[in-house]
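Colleague: I'd like to learn how to read a model like this one with you. Could we go through it feature by feature?

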Amino acid sequence: MTAIAATAPGKIILFGEHAVVYGRPAIAVPVNQVKAKAVVLANPIGQPGQVDIDAPDIGFRTTMNELPEEHPLRLAIQGVQDVLGIPHLPAFRLRLTSTIPLASGLGSGAAISVAIARAVSAFLGKPLPDADVSAIAYRVDQVYHGTPSGIDNTVITYAQSIFFVRGRPFEYLKINHPFTVVIGDSGMRSPTGLVVGELRQRWQEDPQPYEAIFDQIGKIALNARRILETSQPVGLGVLMTQNHALLQRLDVSCPELDRLVQAALDAGAHGAKLCGGGRGGNMIALVDERNAQHVATALRAAGAPNTIITRIG
Ligand code: PMV
C-alpha cells in the first residue's frame, strides 16, 4: 500500500522575535538542513476513525483518541478534518520523524503541524492549499506559544524568506546576495510559550520601556530588509548584534546564549544573536563562508553540542 509523505523545514528568525508578537516587523528564513516528516499509511484492519500515531524519535506511540482534546498532534489532524469537512476519518497510521531539535527556536512544532496537515490531507485525497496548512499550524502554535505572532507557521509553510508583520499579508523577501549563517545550539530546551508569557506579564506591569525596545527592534528589522534587498549582507552583522542586546534588555537571553554570541564574535563573525524564544535554544551568527567552520568550531568549544551551517538566499 502506498504511503503518503510530506516534509517541512526548520526556520530561523533573523530579526525581530518577540517584538513581532507586539506588531513590529520581523524577518524569518527556512532552514532546509533540518526537517520534520509525516508519513500516512492506510490501515485496512483498523476500526474506522482509528489513527495510530508513532513518533519513534521521542519514543511516543499512541492513538489519536487517547490524546487530550488540545494536544498539538490531535489538533493538527482534526484541523485537517474541519477544513475538509470530513466528520469521520478512515483508519490510518501516522509516523512522525524530525531532525529539528525540540523547543529550541528552530520551529519544530510548526514544522510537525505543517507536515501532518499536508500528509493527512493528501491521504484523504484533498491536498490542502498553503493558506489552509498555515492556518492549521497557527491554531496548533496557539497551544505551543499561547499568543503566536504567526511568523513560524508562515515561514515554514511557504518555505521561503519572509518579511512578516502580524495581522498583515506576509511578503517574500528577495535576497540580493546569498550569505552564510552558523546556528549554535545552547543545549538547553526552552518552551517558547513560557518565555513569551513571562515577557507579556512584565510588559503588562510596565508597558512603556518594553514598547520602546520593541520599536527599536522593529527599526532594526526594517533596516535589515533594506540591506537584504539591496546591498552586501555584511552590514546585517551589526544589526544582529544590536538585536541581541535589545533581546537581553527584554530579559529573554541567558548566560549560555550570551556566551555563544560572544564566542562567535570573537571567532570573527560579523554579528550574532539569539534566535527564537530565547532562554535556551539556538543562536545564529553571520559569517563569511570561508570562516564558517572556524566559527562553528568556536561555538562547540564554547559549549554548543550542535552547530549547523546554512546558506541563505
Ligand atoms: O521559539 P520559536 O522558534 O518558536 O520562535 C518564536 C518567536 C517569537 O517571536 C518569540 C514568538 C512568536 O510567536 O512570534
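Modeller: Gladly; we will go from the ligand to the helices and then to a few single residues. Keep in mind that this is a predicted model.

Colleague: Let's begin with the ligand. Which residues are the closest to the ligand?

Modeller: A residue belongs to the surroundings if one of its heavy atoms lies within 4 Å. Here 18 residues surround the ligand, and the closest are Lys11, Ser149, Asp152, Thr192 and Gly277. By residue class, the shell divides into 7 nonpolar, 8 polar and 3 charged.

Colleague: Which polar atoms does the ligand meet?

Modeller: For a polar contact, look for N or O atoms within 3.5 Å of each other. A ligand oxygen is 2.5 Å from an N or O atom in the side chain of Ser149, and a ligand oxygen is 2.7 Å from such an atom in the side chain of Thr192. His18 takes part through its backbone, where a polar atom is 2.9 Å from an oxygen of the ligand. As for cover, the protein takes up 97% of the 380 Å² of accessible area that the ligand has on its own.

Colleague: Which helices and strands supply at least two residues of the shell?

Modeller: Strand S1 (4–15), helix H4 (151–158) and helix H5 (192–205) each do. At the level of domains, domain 1 (4–164) and domain 2 (175–312) each give at least three residues to the shell.

Colleague: Now the helices. How many residues of H2 are buried?

Modeller: Buried means under 20% relative accessible area. By that cut-off, 13 of the 16 residues of H2 are buried, so the helix is mostly covered. You can also check the length of H2, residues 108–123: at 1.5 Å a residue its 16 residues should span 22 Å, and the end C-alpha atoms are 22 Å apart, so the two agree. Just after H2, Gly125 takes a positive phi of about 85 degrees.

Colleague: What do the same checks give for H6?

Modeller: Helix H6 covers residues 207–230, and its 24 residues should span 34 Å; the end C-alpha atoms are 35 Å apart, which agrees. For burial, a general idea helps: an α-helix has 3.6 residues a turn, so residues three or four places apart point the same way. In H6 the buried residues include Tyr210, Ile213, Phe214, Ile217, Ala221, Ala224 and Leu228.

Colleague: Is Lys273 buried or exposed?

Modeller: Lys273 counts as buried because its relative accessibility is 0%. Lys273 sits in strand S9 (residues 271–275), and a polar atom of its side chain lies 2.9 Å from the backbone oxygen of Ile13.

Colleague: Which residues have a positive phi although they are not glycine?

Modeller: Asp251 is one of them, with a phi of about 65 degrees, in the loop between helix H7 (236–249) and helix H8 (255–266). At 41% relative accessibility, Asp251 counts as partly exposed. Arg279 is another, at about 60 degrees; Arg279 lies in the loop between S9 and strand S10 (282–287) and is partly exposed at 24%.

Colleague: And where is Ile100 found?

Modeller: Ile100 is in the loop between strand S5 (92–98) and H2. Loop residues can be checked for cover too: Ile100 is buried, with a relative accessible area of 3%. The C-alpha atoms of Ile100 and Ile112 are separated by 9.4 Å, and the two residues are 12 apart along the chain.

Conventions
Residues are numbered from 1 along each chain as its sequence is written. This is a predicted model: local features need pLDDT of at least 70, side-chain atom pairs count only at pLDDT 80 or more; totals for chains, interfaces and linings use all residues. Side-chain values use heavy atoms; hydrogens and water are left out. A polar contact is a pair of N or O atoms within 3.5 Å; within protein, one must be able to donate a hydrogen and the other to accept it, and residues adjacent in sequence count only if both atoms are side-chain atoms. Accessible areas come from the Shrake-Rupley method with a 1.4 Å probe; for residues, only the protein chains shown count as cover. Helices (H or I, at least four residues) and strands (E, at least two) are DSSP runs, numbered from the N terminus. Ala, Val, Leu, Ile, Met, Phe, Trp, Tyr, Cys and Pro count as nonpolar, Asp, Glu, Lys and Arg as charged, and the others, Gly among them, as polar. Domain bounds come from an automatic or database domain assignment. The expected span of a helix is 1.5 Å times one less than its number of residues. Buried means under 20% relative accessible area, exposed over 50%, partly exposed in between (1.4 Å probe, protein chains only).
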